[in-house]
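Dear colleague,

Please find below the structure that I am handing over to you, together with its sequence. My findings are set out after it.

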Amino acid sequence: MALPDTLRLDGQTALVTGASSGIGQAAAIALAEAGADVAINYRSSLDGARETLSRVTALGVRGTLIQGDVASQDDVIAMFDAAQAQFGPLDIVFSNAGRQKDGPIADMSLDDWNAVISVNLTGAFLTAREAIRRFRAKGLRPEVSRAAGKLIFNSSVHQRIPWAFRANYAASKGGLKLLMESLSQEVAQERIRINAVAPGAIATAINEAERDSDGGEAEMLKLIPYGRIGTPEDVGRAVAWLASDASDYVVGTTLFVDGGMSLYPEFRGNG
Ligand code: BGC
């Protein structure tokens with residue numbers, strides 16, 4: 001079935017960071033399904049990135065692979081240059097790359113702290129700064145979108161829900177929430193639209209060990225009122241919607257895609 005016009009992204013170009021697997025890969029595909037050309041960033045997994053590329057191009061749009069680490073300022077600038085050289089000015093950026101390095105606080109090394117903050121928060125800052133600079137330089141293209149640019153962050157339910165043994169990760173996502181909102185407040189008047197998705201437990205490599213551990217999935221399901229683990233596609237569709245004019249009046253908002261995880265389900269009939 002054809003998508004309504006407001007959901008289409010034809011003639012627009014997108015960059016997705018961390019697009020070699022999981023939510024980044026699904027978002028790249030969802031953006032391509034809606035008609036956008038997609039620049040696929042990856043850091044180390046060339047095979048995964050190639051898979052994303054072949055699934056994107058199979059949809060009849062253009063794709064390109066761009067290696068780079070979002071925690072590196074030089075890499076991020078080079079990534080935008082490469083995407084722009086291929087496709088022209090970007091209309092959509094999904095700042096997705098993220099990681100976890102869990103541990104009890106007393107054992108958390110500074111390296112483990114920095115590893116997570118430098119990708120999840122500093123990487124988001126570097127990506128956002130570059131996206132805003134480029135959206136600004138491009139300006140409005142009313143023939144393709146009502147906004148001069150759409151920037152979407154991949155946050156987490158843990159921008160709201162504290163997470164023991166993962167203080168670095170929760171701190172990065174809590175920081176990302178106010179990064180997103182502050183930037184949105186700063187540039188919305190330029191018709192640059194900034195939002196975030198906040199996924200809950202989605203079946204990706206990041207939580208594979210937890211899900212596969214003895215009783216792990218059942219424990220997770222207790223925290224999900226809707227009764228299923230999410231799929232990367234659940235989040236990919238939300239990203240494509242936030243990138244489209246169908247959400248044109250949605251500014252500085254976090255869209256929770258979590259099967260109700262952020263509703264504190266343990267309080268049902270309790271507390
Ligand atoms: C984490 C996952 C976790 C989910 C729900 C995500 O942000 O990366 O490991 O399963 O939150 O707790």
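The notes that follow deal with the ligand, the pocket and the enclosed space. Please bear in mind that this is a predicted model.

The ligand and its site

The ligand sits in the largest pocket. Its surroundings are formed by Gln100, Ser156, His158, Trp163, Tyr169, Gly200, Ala201, Ile206, Asn207, Met220 and Met261. Sorted by class, this shell comprises six nonpolar and five polar residues, with no charged residues.

Three side chains place a polar atom close to an oxygen atom of the ligand, as follows:

- For tyrosine 169, the distance from a side-chain N or O atom to a ligand oxygen is 2.5 Å.
- For glutamine 100, a polar atom of the side chain is 2.6 Å from an oxygen atom of the ligand.
- For asparagine 207, an N or O atom of the side chain is 3.2 Å from an oxygen atom of the ligand.

Considered alone, the ligand exposes 310 Å², and the protein buries 91% of that area.

The largest pocket

The pocket that holds the ligand contains about 1300 Å³ of space. It is lined by 49 residues, and those closest to its centre are Gln100, Tyr169, Thr204, Ile206 and Asn207. Among these, Gln100, Tyr169, Ile206 and Asn207 also belong to the ligand's surroundings. The helices α1 (22–33), α5 and α7 (216–221) and the strand β2 (37–42) each contribute at least two residues to the lining of this pocket. By class, the lining consists of 20 nonpolar, 21 polar and eight charged residues. The charged residues in the pocket lining are thus a point to note beside the ligand shell, where there are no charged residues.

The cavity

How many cavities of 30 Å³ or more does the structure hold? There is one, and about 60 Å³ of space lies within it. Its lining is made up of 14 residues, of which Ser95, Asn96, Ala97, Asn120 and Ala124 are the closest to the centre. At least two lining residues come from each of α4 (110–138), β5 (149–154) and α5 (167–187). The largest share belongs to α4, which supplies five residues. Six residues of the cavity lining are nonpolar, seven are polar and one is charged. Helix α5 therefore appears in both descriptions, with at least two residues in the cavity lining and at least two in the pocket lining.

With kind regards

How values were computed:
Residues numbered from 1 in each chain as written. Predicted model: local features only at pLDDT ≥ 70, side-chain atom pairs only at ≥ 80, totals over all residues. Heavy atoms only, no water. 1 Å grid on protein atoms, 1.4 Å probe; cavity = no way out; pocket = protein on both sides within 12 Å on 5 of 7 lines; lining within 4 Å. Points joined across faces, edges and corners; volume = space filled by probe spheres on them. Helix = DSSP H or I, 4+ residues; strand = E, 2+ residues; numbered from the N terminus. Nonpolar A, V, L, I, M, F, W, Y, C, P; charged D, E, K, R; others polar. Near = heavy atom within 4 Å. Polar contact = N/O pair within 3.5 Å; in protein donor to acceptor, adjacent residues only side chain to side chain. Areas by Shrake-Rupley, 256 points an atom, 1.4 Å probe, with all protein chains shown as cover. Sits in = over half its atoms within 2 Å of the grid points.
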